[in-house]
Amino acid sequence: MNDKTYEGTPVCHFFTREWVKMGYNVKVVHFESLFPRYYYWIGKLFKKLIQAKTGCVAYTNTPRKFQRYSVDNIPVLFIPILKYVPHTMFTPKRIREALNIVLNDLKSSSFEPDVITGHFLLPQLQMLYLLKQEFPRAKTCMVLHGDGLAIPRLYKEYQQLMNSVDVWGFRSKAFQHSFESMYGKQEKEFVCYSGIPEKYIVPIKRNFSKGIYRFVFVGSLYKLKRVGDTLKALKNVFGEKEFSFDIVGDGAEKENLYSLVKELGVTKQVHFHGQLSRDKAQDIIRQADCFVMVSSREAFGLVYIEAMAKGCITIATKGQGIDGVIVHGENGFLCESENVEKLTILIKQIVSLPSLELQRISDNAVSVAKNMTDRKVAEHYIHSII
């Protein structure tokens with residue numbers, strides 16, 4: 001969406017930008033739920049609270065008419081679709097209106113797609129089915145940012161819709177395994193990871209001769225991120241011993257974290273940097289020994305890859321999106337979320353590891369990150385379809 005106030009990560013745009021560089025002709029259709037105006041009044045009043053509780057971006061200024069614009073020379077057709085209840089399906093009338101806008105736009109530019117790919121279930125799964133009727137030779141792909149549990153609740157004729165999908169993508173192995181347990185393994189599947197800019201991959205060789213004592217977190221300061229758990233675990237591990245914890249980000253949990261830092265008596269060890277640009281955050285990550293983020297819900301988390309690219313010993317959430325990219329004890333570590341005791345035990349184990357073992361894990365992390373640039377994951381994505 002062409003909205004400077006948008007605070008999410010435009011992962012879909014990163015894919016399309018790379019496809020254009022690879023020589024593909026790409027058009028983007030962005031469907032967005034449009035609610036009665038009073039929803040947005042509430043959203044503006046409670047934006048931080050909504051984001052803190054759900055971890056989702058809270059829109060407060062969705063345009064009420066369709067628009068055409070471009071981002072990085074990629075044409076975007078933005079279509080708001082009216083509905084009254086969040087997380088429910090749109091009416092057939094609204095879906096048909098939106099579909100007609102898409103078809104008219106494609107016709108006016110003489111664009112006949114070879115591939116139609118969609119992210120998120122609503123309304124993309126239904127739109128893929130309808131567009132497949134119009135362009136039967138096109139390959140369709142549905143990328144899930146969850147496990148697909150909601151499909152039968154959202155769509156009555158869900159099996160018919162699912163049968164129209166040629167390729168299924170999953171934002172994590174955890175989502176893929178959960179989906180397969182419910183619907184069975186599909187004929188063609190792939191894991192649709194995100195990547196990091198090529199410039200973040202720089203030659204690096206870590207030296208852990210002084211041990212692990214510099215920690216960092218980069219992300220939104222929401223309760224779901226469980227930064228307070230990391231603070232408590234670090235206090236448990238180090239006590240009065242030397243350590244540092246850099247916190248980059250802003251959000252509704254900031255004041256609670258300030259209070260917790262004072263309560264734990266670690267004001268000298270903990271440094272709040274506020275919200276920084278993605279590029280500036282890289283400098284702080286580079287200076288750390290260990291990156292910690294044990295969110296209670298994390299679809300993927302690009303910052304994990306950014307930390308691995310810098311050779312940081314990376315601690316991530318077990319059973320969430322990064323599980324499968326990070327292999328426990330090989331290129332990083334995984335820990336159960338919302339469990340300060342287990343996080344404490346894990347950090348103690350990491351701190352006690354020999355420097356050569358830490359070096360091995362760091363080198364493995366860098367090797368994995370090198371294969372997860374924007375270019376490489378975009379190539380994997382499109383090749384998995386065509």
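**Figure 1. Lining of the second largest pocket in this predicted model.** The second largest pocket is lined by 17 residues, and those that lie nearest its centre are Met89, Phe90, Pro92, Gln126 and Tyr155. The volume of this pocket comes to about 320 Å³. Three helices, H4 (92–108), H5 (124–134) and H6 (151–154), each supply at least two residues of the lining, and H4 gives the largest share, with four residues. Sorted by class, the lining of the second largest pocket holds 11 nonpolar, two polar and four charged residues. Phe90, one of the residues nearest the pocket centre, also has the charged end of Lys83 over its ring, 4.5 Å from the ring centre.

**Figure 2. Helix H5 and the cis peptide bond between Leu122 and Pro123.** Helix H5 is mostly covered, with nine of its 11 residues buried. The buried residues are Gln124, Leu125, Gln126, Met127, Leu128, Tyr129, Leu130, Leu131 and Lys132; among them, Gln126 is also one of the residues nearest the centre of the second largest pocket. The peptide bond that joins Leu122 and Pro123 is cis, with omega at about -10 degrees. Pro123 itself belongs to the loop between strand E4 (115–119) and H5.

**Figure 3. The aromatic pair of Trp168 and Phe179 and the cluster of rings that includes both.** A pair of aromatic rings is described by the distance of the centres and the angle of the planes. Counted by a rule in which ring centres must lie within 6.5 Å, the model has 13 aromatic pairs. In one of them, the ring centres of Trp168 and Phe179 are 5.0 Å apart and the planes stand at 40 degrees, so the pair is tilted, an angle of 30 to 60 degrees being the range for that label. This pair links distant parts of the chain, with Trp168 in strand E6 (residues 167–170) and Phe179 in helix H8 (residues 173–183), 11 residues apart. Trp168 has a relative accessibility of 1% and therefore counts as buried, and Phe179, at 0%, counts as buried too. Ring pairs also join Trp168 and Phe179 with Tyr158, Phe170 and Tyr183 into a cluster.

**Figure 4. The edge-to-face pair of Tyr258 and Phe272.** The rings of Tyr258 and Phe272 lie 4.5 Å from centre to centre, with 85 degrees between their planes, and the pair is edge-to-face. Here too distant parts of the chain are linked, since Tyr258 is in helix H10 (residues 254–264) and Phe272 is in strand E10 (residues 270–274), 14 residues apart. Tyr258 is partly exposed, with a relative accessible area of 31%, and Phe272 is likewise partly exposed, at 25% relative accessibility.

**Figure 5. A lysine over the ring of Phe111.** Lys27 lies over the face of the Phe111 ring, at 5.8 Å from the ring centre.

**Figure 6. Two loop residues, Asn73 and His87, with positive phi.** Asn73 is not a glycine, yet its phi is positive, at about 65 degrees. Asn73 is found in the loop between strand E2 (67–71) and strand E3 (74–82), and with a relative accessibility of 72% this residue counts as exposed. His87, which is not a glycine either, also has a positive phi of about 65 degrees. The position of His87 is in the loop between E3 and H4, where the residue is exposed, with a relative accessible area of 60%.

**Figure 7. Surroundings of Ser244 and packing of helix H11.** Ser244 is placed in strand E9 (residues 244–248) and is buried, with a relative accessible area of 16%. If residues up to four places away in sequence are not counted, Ser244 touches Tyr213, Arg214, Phe215, Gln269 and His271. Strand E9 also takes part in the packing of helix H11. The buried residues of H11 (residues 278–287) are Ala281, Gln282, Ile284 and Ile285, and they pack against strand E8 (214–218), E9, E10 and helix H12 (302–309).

Key. Residues numbered from 1 in each chain as written. Predicted model: local features only at pLDDT ≥ 70, side-chain atom pairs only at ≥ 80, totals over all residues. Heavy atoms only, no water. Phe/Tyr/Trp six-rings, centres within 6.5 Å; stacked < 30°, edge-to-face > 60°. Buried < 20%, exposed > 50% of the residue type's maximum accessible area, 1.4 Å probe, protein only. Lys NZ or Arg CZ within 6 Å of the ring centre and 35° of its normal. 1 Å grid on protein atoms, 1.4 Å probe; cavity = no way out; pocket = protein on both sides within 12 Å on 5 of 7 lines; lining within 4 Å. Points joined across faces, edges and corners; volume = space filled by probe spheres on them. Nonpolar A, V, L, I, M, F, W, Y, C, P; charged D, E, K, R; others polar. Contact = heavy atoms within 4.5 Å.
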